[in-house]
Protein chains: 2
Amino acid sequence: MVLNKIGHILKDYNDFAIVSHVSPDGDSIGSMLGLFNTLKDFGKSVDLFVDDILPEKYSFLTGFEHIKRYNTGSKYSCLIILDCGDVDRLGELKSLLNSSDIIINIDHHISNTLFGDINYVDSNASSVGEIIYQILKINGYNISKNTAMCLYTSILTDTGGFKYSNTTSMTFNIVADLINTGINFSDIYSKIYDSRTLSQTKLLGKVLSTLEIYYDNKVAVLTMPYKLLDECNAKEKDADEFINFARNIDTVEVGVFIKEVNDLKCRVSLRSKNYVDVSKIASYFSGGGHIRAAGCTIEGSISEVKNKILDAVKTVLEVKYNK
Amino acid sequence: MVLNKIGHILKDYNDFAIVSHVSPDGDSIGSMLGLFNTLKDFGKSVDLFVDDILPEKYSFLTGFEHIKRYNTGSKYSCLIILDCGDVDRLGELKSLLNSSDIIINIDHHISNTLFGDINYVDSNASSVGEIIYQILKINGYNISKNTAMCLYTSILTDTGGFKYSNTTSMTFNIVADLINTGINFSDIYSKIYDSRTLSQTKLLGKVLSTLEIYYDNKVAVLTMPYKLLDECNAKEKDADEFINFARNIDTVEVGVFIKEVNDLKCRVSLRSKNYVDVSKIASYFSGGGHIRAAGCTIEGSISEVKNKILDAVKTVLEVKYNK
């Protein structure tokens with residue numbers, strides 16, 4: 001069985017590199033560090049790599065400071081690649097593929113290209129953190145408090161706080177076991193979900209003040225003129241979650257968030273709740289995405305872009321124009 | 001064992017009244033309806049009572065429409081009281097105590113006055129929903145999908161989405177079992193936590209625009225002039241959660257929310273994160289509450305009240321006045 005095979009390698013080999021994808025998130029960082037902390041407890045040499053800037057909010061996890069961006073020519077007996085559907089997701093660290101004797105590929109994306117010497121892909125797992133838990137348990141490892149904090153963070157973030165439908169009864173049972181180690185899960189939850197910067201909070205107030213509602217209260221539009229970023233000392237990514245404030249209005253089916261890039265174009269995010277396929281709207285403007293979350297870039301001023309997108313939404317909604 | 005004793009009564013008796021506290025919440029409604037749905041499956045007669053207006057957001061739970069506010073003189077073999085520390089929490093429905101042969105008191109408040117003929121109080125349970133689950137399981141009941149939806153709602157809401165420290169490994173194991181019934185937990189979660197009215201969203205934007213920050217970014221103040229309620233067609237309770245936007249700023253220790261009642265006084269909510277005891281600040285103004293959440297009413301205009309509360313916060317914070 002693959003999980004045992006991986007267990008043997010973790011026991012027999014002595015030097016490892018663990019790497020995960022660009023645009024790191026709670027699952028990639030948490031699963032890397034969960035495995036790292038366990039291997040370190042057994043005296044193994046472990047290097048950690050991510051070819052990107054790391055989100056500061058995960059810096060409370062033990063080992064975070066050991067994650068490096070570049071490999072300066074080191075060789076490894078075993079390379080473990082986590083949460084990567086394909087090797088291009090490694091960025092420049094793809095070069096590590098040629099620097100190790102054996103490659104283990106552990107993932108939960110159904111699209112995984114099985115690029116490893118050993119591949120374990122479980123698309124039913126909520127997160128790679130959940131898989132690392134299973135690997136450690138099946139192979140008799142004790143889950144330390146440090147490791148539990150990392151794996152809890154993995155699972156918490158990839159399930160959106162145990163909300164998304166990828167959460168299973170297995171997920172809840174694993175979390176039950178993880179919190180039995182005595183971790184302060186309540187504190188971790190707050191650190192990750194109940195925290196905004198001052199700039200973000202100011203920006204949220206200004207963006208919410210732009211709220212407009214259309215088509216029988218089914219469509220909510222928020223806009224962000226680029227000058228607001230300067231006014232609040234904020235960056236565009238500070239506004240990532242704001243689209244949810246439009247989508248979450250109880251009567252709304254489609255939330256629209258128009259971010260002015262410059263005088264000539266805007267980036268548009270779209271979210272839907274139950275029945276509108278927003279990827280169709282986005283693809284009409286050469287954008288892309290999923291049924292419930294999509295995006296595109298449209299030329300024009302905020303008000304021009306708003307008119308264009310509202311016309312497109314209207315066609316899909318097939319509702320009477322009310323405003 | 002008390003849980004078995006309760007099980008025998010649920011099987012032997014045929015007519016029940018289930019009642020819970022005024023200011024109903026997800027746990028009181030969810031645990032009532034969870035027990036209701038199971039008893040109805042076994043052909044029992046069950047009346048449901050709450051002496052208050054019910055929060056509409058729980059109306060998707062099966063049986064919700066059967067909850068009545070008044071008892072017009074009916075008698076019951078068994079009265080089951082849920083989630084009530086003492087009988088005064090029943091409001092006018094206290095009269096039911098004299099209308100039944102036996103009273104079962106099921107609760108998780110450590111302060112419970114044990115007013116029943118049979119009392120089961122487990123202060124380690126996250127919620128009464130968790131206790132109802134245990135009663136049903138121990139007594140061999142199958143948990144139906146309808147019951148699971150109700151108990152999931154109980155647990156979800158009383159743990160703040162599995163965030164509060166009252167969540168235990170038992171809680172997670174129970175939720176694992178509940179979602180195995182195939183309930184759409186993701187949809188329930190969204191209905192309860194990801195929904196605001198249009199009025200609330202507008203009001204949030206206006207309130208966030210009042211954000212001020214003091215004492216080395218440790219204190220954030222939001223204000224709500226009463227005219228904003230009219231402007232947004234909103235009610236004061238629509239702003240209940242807004243204090244969290246002040247508290248959740250990463251540098252902030254104390255969040256303050258000043259709601260203008262009229263020209264002469266304001267209601268003040270206080271929240272802290274790690275070390276300030278806000279109940280001390282509130283009690284200085286004859287208010288009350290807990291270490292991390294408290295409130296008071298202070299005479300004066302918004303700006304007068306702000307100055308008073310900032311002075312008091314300053315004393316507790318013992319930080320240098322920076323603004």
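1. Start with helix α4 (residues 145-158) of chain B and α5(B), which pack at an angle of about 150° with their axes 10 Å apart. Axes here are lines fitted to C-alpha atoms, for helices over the stretch in contact, and angles run from 0 to 180 degrees between N-to-C directions. The pair α4(B) and α5(B) is therefore roughly antiparallel (under 35 degrees counts as roughly parallel, over 145 as roughly antiparallel, 65 to 115 as roughly perpendicular and the rest as oblique). Helices (H or I, at least four residues) and strands (E, at least two) are DSSP runs, numbered from the N terminus.

2. The crossing of α4(B) past α5(B) is left-handed, meaning that the near helix is turned anticlockwise from the far one by less than a right angle; clockwise would be right-handed. On the α4(B) side the contact uses B:A148, B:L151, B:Y152 and B:I155, and on the α5(B) side B:T171, B:I174, B:V175 and B:L178. Residues are in contact if their C-beta atoms, placed from the backbone, lie within 7 Å. That patch splits into seven nonpolar, one polar and no charged residues (Ala, Val, Leu, Ile, Met, Phe, Trp, Tyr, Cys and Pro count as nonpolar, Asp, Glu, Lys and Arg as charged, and the others, Gly among them, as polar).

3. A word on the model itself. It is predicted, so to speak with the usual filters: local features need pLDDT of at least 70, side-chain atom pairs count only at pLDDT 80 or more, and totals for chains, interfaces and linings use all residues. Residues are numbered from 1 along each chain as its sequence is written, while chains are lettered from A and ligands numbered from 1 in the order in which they are written.

4. Now the contact between the chains: 35 residues come from chain A and 35 residues from chain B. On the chain A side, the elements giving two or more residues are α5 (169-179), α6 (185-193) and α7 (198-208). By class, that side of chain A has 14 nonpolar, 14 polar and seven charged residues.

5. Laying chain A on chain B takes a turn of 180° and a shift of 0.1 Å along the axis, with an RMSD of 0.1 Å (a least-squares superposition on the C-alpha atoms of residues with pLDDT of at least 70 in both). That is the relation of a two-fold axis. The same surface serves both copies, with 100% of the contact residues of chain A recurring in chain B.

6. Across the interface, α5(A) and α5(B) pack at an angle of about 175°, with their axes 8 Å apart. This makes α5(A) roughly antiparallel to α5(B). Among the residues of α5(A) that meet α5(B) are A:F172, A:V175 and A:I179. The contact of these two helices divides into eight nonpolar, four polar and two charged residues.

7. The α7 pair looks like this: α7(A) and α7(B) pack at about 130°, their axes 8 Å apart. That makes α7(A) oblique to α7(B), and α7(A) passes α7(B) in a left-handed crossing. The contact is made by T201, L204, G205 and L208 of chain A and of chain B.

Conventions
Two residues are in contact if their C-beta atoms, placed from the backbone, lie within 7 Å.
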